[in-house]
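Work through the exercises below with the sequence and coordinates at hand. Each task is followed by a stepwise solution.

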Amino acid sequence: PTKPVMEQDSAAPASLKVGRANPTVLVLPTGQVFIGGGIGKGGAPVTTVEWLTLPGLTSAGQADLCSAGTVQGFAPTEEGAVLAVMGPGPAKAGCSNVHLVRPPASGSRAVVEEAPVLDPPPLRIHMFQGAQASPVLITDSSTLRWNPWSATFVSLGANAAGLSVPTAASASASPGLALWLGEDDHLWALRFDTRGPYATDFVHPSE
């Protein structure tokens, strides 16, 4: 008789703590899978984020964001953290519309750090991964990049002003390049890097 080449693991993966439709799913450098955003059963936006650990997708914890509206964008940053940017909506007192969420370590809770608020709050946003762990945020009024050393969004530069806000049809062929179909029906491209010929004013403090 022929022996099986591979035996399949019959263990069922963990279920999400909070059910949701259309979430954002990111595989982080830590080997964890991040799940955030989405719509709950009643049609309300979900502000709880969760992590699953590979292999087997076992539950690794969850955290609640201090809601300042619907989460409109997630992007991975340094050390496996995730940047969450909120859009307009009912806000809780003292909530920022930018959060830096660090995944839980073994036996600990996730850390949610509130970053400086985006002012004015953007009506429409789109966030790309960016180069050197610095996601790029294009809004209806500005083009910003996450500075991992100051933990805040700063202007990407005057050369990026006037970009058309991306539609859902967007892609990032590499962490330093964004391609999207703008609201003006034109194809746009933005090259960003912190260490190459397209660098702006980002300099590491040690340099």
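**Salt bridges and burial**

**Exercise 1.** Classify Arg102 as buried, partly exposed or exposed, then characterise its salt bridge.

Solution. The model is predicted.
- Step 1: Arg102 has a relative accessible area of 23%, so the residue is partly exposed, given that buried requires under 20% and exposed over 50%.
- Step 2: Arg102 forms a salt bridge with Glu113, and the closest N and O atoms are 3.0 Å apart.
- Step 3: The pair joins distant parts of the chain, with Glu113 in strand β8 (residues 111–114) and Arg102 in strand β7 (residues 98–102), 11 residues apart.
- Step 4: Glu113 is partly exposed too, at 33% relative accessibility.

**Exercise 2.** Find the salt bridge partner of Glu50, and state whether each of the two side chains is buried or exposed.

Solution.
- Step 1: Arg20 is the partner; the N to O distance is 3.2 Å, inside the 4 Å limit for a salt bridge.
- Step 2: Glu50 lies in strand β3 (residues 48–53) and Arg20 in the segment before β1 (24–27), 30 residues apart, so the pair links distant parts of the chain.
- Step 3: With a relative accessible area of 1%, Glu50 is buried.
- Step 4: Arg20 is buried as well, at 14%.

**Exercise 3.** How many salt bridges does the model contain?

Solution. The count comes to 2.

**Exercise 4.** Describe the setting of Leu52.

Solution.
- Step 1: Leu52 belongs to strand β3.
- Step 2: The relative accessible area of Leu52 is 7%, hence buried.
- Step 3: Leu52 and Gln32 are 20 residues apart in sequence, with a C-alpha to C-alpha distance of 5.6 Å.

Definitions and conventions:
Residues numbered from 1 in each chain as written. Predicted model: local features only at pLDDT ≥ 70, side-chain atom pairs only at ≥ 80, totals over all residues. Heavy atoms only, no water. Helix = DSSP H or I, 4+ residues; strand = E, 2+ residues; numbered from the N terminus. Buried < 20%, exposed > 50% of the residue type's maximum accessible area, 1.4 Å probe, protein only.
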